[in-house]
Amino acid sequence: MTEVLQTQKNLEELVKLLRIYFQLDEILSFSLEELGDDEVVVEISAVKGRIRMIIQRMIS
C-alpha cells in the first residue's frame, strides 16, 4: 500500500511541476512581448530549463 501512496505522491508532484513549467512559459512569452527585458527572459529560461530536467528525471 505504501508503494501506491508513494506513486500517487510522485504523480501529484509531477503535476505541480508541469503547472509551474507552463506558467513560466506564459510569463516568458509576456516578458518577451510586453517587457522586452532580456535579463528577465534569461533568468526565467534558466529556471524553466531546470524544471524541465527535473520533470524528465521523474518520468524516466
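A salt bridge is counted here when a side-chain nitrogen of Lys or Arg lies within 4 Å of a carboxyl oxygen of Asp or Glu. The structure holds 2 salt bridges. This is a predicted model, in which local features need pLDDT of at least 70 and side-chain atom pairs count only at pLDDT 80 or more, while totals for chains, interfaces and linings use all residues. Residues are numbered from 1 along each chain as its sequence is written, and side-chain values use heavy atoms, with hydrogens and water left out.

**Salt bridges**

The table lists the pairs.

| Pair | Closest N and O atoms |
|---|---|
| Glu13 and Lys16 | 3.6 Å |
| Lys48 and Asp25 | 2.6 Å |

Lys48 lies in helix 2 and Asp25 in helix 1, so this pair ties together parts that are 23 residues apart in sequence. Helices are DSSP runs (H or I, at least four residues), numbered from the N terminus. Glu13 and Lys16, in contrast, both lie in helix 1, 3 residues apart, about one turn of the helix.

Burial is graded by relative accessible area: buried means under 20%, exposed over 50%, and partly exposed in between (1.4 Å probe, protein chains only). On this scale Lys48 is buried, because its relative accessible area is 11%, whereas its partner Asp25 is partly exposed at 31%. In the other bridge, Glu13 counts as partly exposed at 34% relative accessibility, and Lys16 counts as partly exposed at 46%.

**Nonpolar core**

A nonpolar core is a set of buried Ala, Val, Leu, Ile, Met, Phe, Trp, Tyr and Cys residues joined through side-chain atoms within 4.5 Å. The largest one has 9 residues: Leu14, Leu17, Tyr21, Leu24, Leu28, Val41, Ile44, Ile51 and Ile55. Helix 1 (2–35) and helix 2 are the elements that give two or more residues to this core. Helix 1 supplies the largest share, 5 residues.

Leu18 also lies in helix 1. Leu18 is partly exposed, because its relative accessible area is 32%. Its C-alpha atom is separated by 8.4 Å from that of Ile51, with the two residues 33 apart along the chain. Ile51 is itself one of the core residues.

**Surface patches**

Patches are made of residues with over 30% relative accessible area and no salt bridge; like charges are joined within 9 Å, and nonpolar side chains (Val, Leu, Ile, Met, Phe, Trp, Tyr) within 5 Å. The areas come from the Shrake-Rupley method with a 1.4 Å probe, and for residues only the protein chains shown count as cover.

Ile54, Met58 and Ile59 make a nonpolar surface patch of about 260 Å². Ile54 lies in helix 2 and counts as partly exposed, because its relative accessibility is 33%. Ile59 lies in helix 2 too, and is exposed, with a relative accessible area of 58%. Ile59 and Arg19 are 40 residues apart in sequence, and their C-alpha atoms are 15 Å apart in space.

A patch of negative charge on the surface gathers Asp37, Asp38, Glu39 and Glu43. For such patches Lys and Arg count as positive and Asp and Glu as negative, with His and the chain ends not counted. The place of a charge is taken as NZ of Lys, CZ of Arg, CG of Asp or CD of Glu. Of the patch members, Glu43 lies in helix 2 (residues 38–59).
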